[in-house]
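Subject: Handing over a structure, with notes

Dear colleague,

I am passing on to you the structure below, and I would be glad if you read the notes beneath it with the picture open beside them.

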Amino acid sequence: MITPLITVIIPTFNREEYLENAIESVVNQSYGNIEILVIDDGSDNNYAETICNKYPNCTYFYKQNGGLSSARNYGINLSKGEYIAFLDDDDFWKSSKIEKQIKILLENPSVDCVHSSAAVVDEKGSLTGKYIGANPNKICKRSGYVFWNALGVWVVKSPTPLIRKKVFQPDLLFDETIKVGEDVDFYQRMFYRHKVFYIDEPLAFYREYHNINRLSIQREKYIGIEKKMFLNFRKMGIKNLFILHFIVIKLLKKAIKKNNSLYPETKKTISIINIYFRPRYFLNRYF
């Protein structure tokens, strides 16, 4: 089997306790040709450099704090691999993850991203019995050109994707102005251009624990992301007015649902007629 270089990008910021576990899960992959880039996004001390120095294929980079999007983009620019994978510093992988994913990409040149389900673990890394991924009756909707069934509904689970480097273009990177939900924006836009393949197997472990600093639980900060997403779709050069119209309808529906879930006491009610005929106006007005 051909063994192209894989770049694994691990951003970290003031979270020492899980980083080595994340790195070791990459070092212990059954697939061998991997470079690991740990991007320290302005941490208060150099714990990450000390950990990286233990592993010959792990390189440490420090940058000024700019957020998760900034750290990922920084790693993309430094990457030498033909394929890129992202791993948060508190998650980790199954040892066969990369081997199974690269095989699919090599055999399917029209597919540009392979993703999978993930097993949920607790603070200590023990399995909780929960999984994040497609429901059994929706597995078929997670592969191929998934843009319309995914928009406003689901995205790639953060520790699971392996992506061809060619996907990352100046108009298809992580938006550094989005501090929470940057993966939602990126993967929805990636779906517009690229086909994906879903493996219905938990190839990664997603750590769930209570910590007020975890971005994924700061749900109120997701409010307003749909407006930025629509602007980013336009920056991708989409000129078809019907496509743009249906994109903004989907985004408006998502924004309403999310707002009303977070703030049921101040629900926003927009008529079906206005959702379908004036979506951009109401997205800008309310969100």
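Two strands are said to pair if DSSP finds at least two bridges between them, and the helices (H or I, at least four residues) and strands (E, at least two) named here are DSSP runs, numbered from the N terminus. Please keep in mind that this is a predicted model, in which local features need pLDDT of at least 70 and side-chain atom pairs count only at pLDDT 80 or more, while totals for chains, interfaces and linings use all residues. Residues are numbered from 1 along each chain as its sequence is written, and side-chain values use heavy atoms, with hydrogens and water left out.

I begin with the strands. Strand 1 (6-12) and strand 4 (83-86) run parallel and are joined by four bridges, and in this pairing Thr-7 has Ile-84 of strand 4 as its bridge partner. Strand 1 also pairs with strand 2 in the parallel sense, over seven bridges, with Ile-6 opposite Ile-34 and Pro-11 opposite Ile-39. Between these two strands the chain passes through helix 1 (residues 19-27), and this β-α-β crossover is right-handed, a term that applies if, with the strands pointing away from the viewer, the path from the first strand over the helix to the second runs clockwise. Strand 2 is in turn joined to strand 3 by six bridges, and the two run parallel, with Leu-37 standing opposite Thr-59. Here too there is a right-handed β-α-β unit, made of strand 2, helix 2 (residues 47-52) and strand 3.

How much of strand 2 is buried? Eight of its eight residues are, so strand 2 is largely enclosed by the rest of the structure, where buried means under 20% relative accessible area, exposed means over 50%, and partly exposed lies in between (1.4 Å probe, protein chains only). Ile-34, Ile-36, Val-38 and Asp-40 point one way from strand 2, whereas Glu-35, Leu-37, Ile-39 and Asp-41 point the other way, and all are buried. In strand 1, seven of the seven residues are buried, and they cover both faces, with Ile-6, Val-8, Ile-10 and Thr-12 on one side and Thr-7, Ile-9 and Pro-11 on the other.

Two residues of this region deserve a separate look. Thr-12, which is found in strand 1, is buried, with a relative accessible area of 2%, and among the residues that it touches (heavy atoms within 4.5 Å) are Val-38, Asp-40, Tyr-47 and Asp-89. Asn-14 lies in the loop between strand 1 and helix 1 and, at 36% relative accessibility, counts as partly exposed. Most residues other than glycine have a negative phi. Asn-14, although it is not a glycine, has a positive phi of about 50°.

Next come the cores, where a nonpolar core is a set of buried Ala, Val, Leu, Ile, Met, Phe, Trp, Tyr and Cys residues joined through side-chain atoms within 4.5 Å. The largest nonpolar core has 46 residues, of which Tyr-187 and Phe-191 touch the most other members. Among the elements that give two or more residues to this core are strand 2, helix 3 (68-78), helix 6 (182-193) and helix 8 (241-262), and helix 8 gives the most, with eight residues. Apart from this core lies another, of 34 residues, among them Ile-34, Tyr-55, Ile-104 and Val-114.

Finally, how do helix 8 and helix 10 pack? Helix 8 and helix 10 meet at an angle of about 40°, with their axes 9 Å apart; axes are lines fitted to C-alpha atoms, for helices over the stretch in contact, and angles run from 0 to 180 degrees between N-to-C directions. Their crossing is left-handed, a word used if the near helix is turned anticlockwise from the far one by less than a right angle, with right-handed used if clockwise. Residues that make this contact include His-245, Val-248 and Leu-252 of helix 8 and Pro-279, Phe-282 and Leu-283 of helix 10.

With best wishes

Definitions and conventions: Lists of a residue's contacts leave out its neighbours within four places in sequence.
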